[in-house]
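Let's take a walk through this protein together, starting with its cysteines and working inward from there. Keep the structure open as you read.

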Amino acid sequence: MSSQAGPSDGDESNIGLGDIKPEENTKNNDNEESQIKTWRERIAISIAKSRKVRGGNYVQIATVDPSTNEPRCRTVVFRGFLPGSSSKDESCVMKMITDDRSSKVAEVSTHPEQAAELVWWFSKSSEQYRIRGKVQFVGGGKFDKDDDDFYVQARKQQWGNMSDMAREQFYWKEPGVPYTPQAEVPAGGRGEDGKVLAPPDNFLLMLLYPKRVDYLRLGDNFRQIDEIDDDEVFKPLRVNP
């Protein structure tokens with residue numbers, strides 16, 4: 001009898017991604033689902049499957065601290081894709097929000113490529129997307145897109161779509177400094193008449209423009225990489241997992 005312990009022996013330190021749904025790993029990975037599609041087509045299906053999963057729109061985004069060259073990672077909420085050229089289309093540009101006073105803003109802004117990488121794990125379908133690209137901020141009057149009406153309206157709409165509790169956080173005191181009790185803030189980010197106030201300058205719409213997407217499906221160990229070409233078109237390529 002072997003003396004080696006496996007994941008089933010209770011030692012979770014030995015568990016890897018391939019152990020999450022091991023019963024599915026024997027599936028044929030040349031089935032219809034393995035036909036090449038762009039990452040944008042795939043993620044639309046993944047989102048639809050996970051729409052009812054609580055926390056299914058939480059993603060992790062990583063940046064680099066310029067003072068130490070160390071990675072920094074945090075969880076944010078994916079808030080949809082930026083509208084495309086027509087009212088029926090969605091682009092590949094991913095929307096999130098942040099506070100201008102947060103460290104991620106300085107980390108992205110000082111990076112030569114304004115680069116970041118987002119990871120999205122879909123537990124229901126055992127899929128992972130690693131999305132690398134350029135981040136742009138909108139808001140506060142100091143970013144490139146702040147004078148563009150399309151982006152100004154996108155920021156304003158996002159502010160209005162948020163919950164009252166989420167809006168209140170942007171009136172809190174500066175994050176990351178020694179704690180002091182919060183001052184009174186506009187309830188729900190609303191005025192005395194109950195209407196939503198204009199977004200404060202520190203409220204930023206954060207946009208990720210993907211350039212490279214690494215997709216992995218654990219059920220059958222299918223993996224592909226999409227990279228954007230000179231014509232701004234994603235070219236998918238199946239690779240070994």
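Start with Cys73, which is exposed at a relative accessible area of 57%. Cys92 is a bit more tucked in by category: with a relative accessible area of 25%, Cys92 counts as partly exposed. If you were wondering about crosslinks, a disulfide is a covalent bond between the sulfur atoms of two cysteines. A search of the whole structure turns up 0 disulfides.

Before going further, a word on what you're looking at: this is a predicted model. The protein chain has a mean pLDDT of 89, with 84% of its residues at 70 or more. One stretch to treat with care is residues 1–8, where the pLDDT is below 50. Beyond near neighbours in sequence, that stretch has 5 contacts in the model. Where pLDDT is low, the predicted coordinates should not be read in detail.

Now for the overall layout. The protein chain has 4 helices and 9 strands, and if you trace them from the N terminus the order reads α-β-β-β-β-α-β-β-α-α-β-β-β. The chain is 241 residues long, and 36% of those residues count as buried. Sequence-distant parts meet often: among contacts between residues at least 6 apart in sequence, 59% join residues at least 24 apart. On the outside, the chain exposes about 14,600 Å², and carbon and sulfur atoms supply 48% of that area.

So what sits inside? In soluble globular proteins, nonpolar side chains tend to be buried together. Here the largest nonpolar core has 28 residues, and the ones with the most contacts inside it are Ile43, Met94, Met96, Trp120 and Ile131. Several elements chip in at least two residues each: helices H1 (39–49) and H2 (103–109), along with strands E1 (58–65), E4 (90–99), E5 (115–122), E6 (127–138) and E7. Of these, E7 gives the most, with 5 residues. Zoom in on Ile43 and you'll find that, leaving aside residues up to four places away in sequence, this side of the core brings Ile43 into touch with Phe81, Trp120, Phe122, Tyr129 and Ile131. Apart from this core lies another, of 7 residues, including Leu82, Val93, Val138 and Tyr151.Next, the charged pairs. Side chains of opposite charge can pair when their charged atoms come close. A search of the whole structure finds 14 salt bridges, and a few are worth clicking on. Take Asp99 and Arg101, whose side chains meet with N to O at 2.8 Å. Is each partner buried or partly exposed? Asp99 has 11% relative accessibility, so Asp99 counts as buried, since the cut-off for that label is under 20%. Arg101, at a relative accessible area of 31%, is partly exposed.

Move on to Arg212 and Glu227, which form a salt bridge whose closest N and O atoms are 3.6 Å apart. What does this pair tie together? Arg212 lies in strand E7 (residues 203–217) and Glu227 lies in strand E8 (residues 222–228), so the salt bridge ties together parts that are 15 residues apart in sequence. Both partners fall in the partly exposed range: Arg212 has a relative accessible area of 22%, and Glu227 has one of 42%.

Compare that with Asp220 and Arg217, whose side chains meet in a salt bridge at 2.9 Å, N to O. Here both Asp220 and Arg217 are buried. Not every salt bridge stands as a simple pair, either: Glu117, Arg130, Arg132, Asp214 and Arg223 are linked in a network of them.

Finally, have a look at two spots in the backbone. Ser126 has a phi near 55°, a positive value in a residue other than glycine. You'll find Ser126 in the loop between E5 and E6, and at 0% relative accessibility Ser126 counts as buried. Glu232 is another non-glycine residue with a positive phi, of about 65°. Glu232 also belongs to a loop, the one between E8 and strand E9 (234–239). Unlike the buried Ser126, Glu232 is exposed, with a relative accessible area of 60%.

Terms used:
Residues numbered from 1 in each chain as written. Predicted model: local features only at pLDDT ≥ 70, side-chain atom pairs only at ≥ 80, totals over all residues. Heavy atoms only, no water. pLDDT = per-residue confidence, 0-100. Contact = heavy atoms within 4.5 Å. Salt bridge = Lys/Arg side-chain N within 4 Å of Asp/Glu carboxyl O. Buried < 20%, exposed > 50% of the residue type's maximum accessible area, 1.4 Å probe, protein only. Disulfide = S-S within 2.5 Å. Core = buried A, V, L, I, M, F, W, Y, C linked by side-chain atoms within 4.5 Å. Areas by Shrake-Rupley, 256 points an atom, 1.4 Å probe, with all protein chains shown as cover.
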